[in-house]
Amino acid sequence: MSQIHKDSITCPKCSTKGDFEYWASINIDLNPELKDKIFNEEIFVWTCPKCGTRVFIPFGTLYHDMKHSFMIFFSHDEPENDNKYDPMEIPDMVGIEKNYTFRVVYGLLNFKEKILVMENMLNDIAVEKLKYMIIHHMDESMAEKGVRLFFQGITKSDEENEYGQMVFYCQMPDDKRSGNIALPMERYYEQCLSLELDKRFSVTNCMCIDEGWIADKMKGTE
């Protein structure tokens, strides 16, 4: 079940105090309304009851999706030490199926993307590897400009794309979006096959899987 706690917040403008509700864990099947609040970021905003000042309050949470069998341990901030990609031990949990996927995610944009990837029942390692190939091989200027790609969705199939297209939006270093990139789903399936043939990308526990993890695995192969 979801776990919610309250903390006292003092308005930075008028010094009025009020309660802020933060979610230590979120079961999205029991509280589906929270997904929109994550994506529009309202879940992280406290509004002063007196003057209406809005304050962004980052907090980490455990996101649990029973329907799609995944859990995400989310933190706004990158870890200060160098063990970002160390596996996290997950204790046996009552009612958790063996086919569950567990991930650690840092940063709000990565959190939103990981939810979408998992909801679409995609292999997030293949998605990250495809993004790496786009940036570092299909258009190397993207890497030079510091462009990041974020999964946005899958289009419906049509005459040209039997399985639809995988759509990414481009994020510039100044946090502005700069258009979309769409590739046939076949490119994703190719990456899934490549993972089966390359055991370096095998993951059996809870880890942070992002562009940095993929880049580290790709060292010495290019």
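**Cavities, a pocket and helix H5 in a predicted model**

The second largest cavity has a volume of about 30 Å³. The structure is a predicted model, and the values below are computed from its atoms. This cavity is lined by Glu113, Lys114, Val117, Asp124, Val127 and Glu128. Helices H2 and H3 each contribute at least two residues to the lining of the second largest cavity. Sorted by class, that lining holds four charged residues, two nonpolar residues and no polar ones.

In total, two cavities of 30 Å³ or more were counted. The largest cavity has a volume of about 60 Å³. Its lining consists of Lys84, Val104, Val105, Tyr106, Asn110, Glu113, Lys114, Glu128, Cys208, Ile209 and Asp210. Strand S7 (101-106) and helix H2 (108-119) are the elements that give two or more residues to this lining. The lining of the largest cavity divides into five nonpolar, five charged and one polar residue. Glu113, Lys114 and Glu128 appear in the lining of the largest cavity and also in that of the second largest cavity.

Open pockets were examined as well. The second largest pocket encloses about 210 Å³ of space. Residues from several parts of the chain line this pocket, namely Glu128, Lys131, Tyr132, Ile135, His136, Ala143, Val147, Arg148, Leu149, Glu211 and Ala215. At least two lining residues come from each of H3, S8 and helix H6 (211-218). Helix H3 supplies the largest share of the lining, five residues. By class, six residues of the pocket lining are nonpolar, four are charged and one is polar. Glu128 is one of the residues lining this pocket, and Glu128 is also listed in the linings of the largest cavity and the second largest cavity.

Helix H5 was considered next. This helix comprises 13 residues, 185-197, and at 1.5 Å a residue it should span 18 Å; the C-alpha atoms at its ends are 19 Å apart, which agrees with that expectation. Among the residues of H5, Met185, Tyr188, Gln191, Cys192 and Leu195 are buried. Viewed down the axis of H5, the buried residues fall within an arc of 110°, so they line one face of the helix. These buried residues pack against helix H3 (124-138) and against three strands, S8 (148-154), S9 (165-171) and S10 (177-184). Helix H3 and strand S8 are thus named both among the packing partners of H5 and among the elements lining the second largest pocket.

Glu186 also belongs to helix H5. Glu186 has a relative accessible area of 26% and is therefore partly exposed, since the partly exposed class lies between the limits of 20% and 50%. Along the chain, Glu186 and His5 are 181 residues apart, and their C-alpha atoms are separated by 45 Å.

A further residue examined lies in a loop. Thr53 is located between strand S3 (45-47) and strand S4 (54-56). With a relative accessible area of 17%, Thr53 is buried, because the buried class covers values under 20%. Leaving aside residues up to four places away in sequence, Thr53 touches Cys11, Pro12, Lys13, Trp46, Thr47 and Cys48.

Definitions and conventions:
Residues are numbered from 1 along each chain as its sequence is written. This is a predicted model: local features need pLDDT of at least 70, side-chain atom pairs count only at pLDDT 80 or more; totals for chains, interfaces and linings use all residues. Side-chain values use heavy atoms; hydrogens and water are left out. Helices (H or I, at least four residues) and strands (E, at least two) are DSSP runs, numbered from the N terminus. The expected span of a helix is 1.5 Å times one less than its number of residues. Buried means under 20% relative accessible area, exposed over 50%, partly exposed in between (1.4 Å probe, protein chains only). The arc is that of the directions from the helix axis to the C-beta atoms. Contact means heavy atoms within 4.5 Å. On a 1 Å grid over the protein atoms alone, a cavity is a set of points where a 1.4 Å probe fits but cannot get out, and a pocket is an open set with protein on both sides within 12 Å along at least five of seven lines; lining residues have an atom within 4 Å of a point. Grid points are joined across faces, edges and corners, and a volume is the space filled by probe spheres set on the points. Ala, Val, Leu, Ile, Met, Phe, Trp, Tyr, Cys and Pro count as nonpolar, Asp, Glu, Lys and Arg as charged, and the others, Gly among them, as polar.
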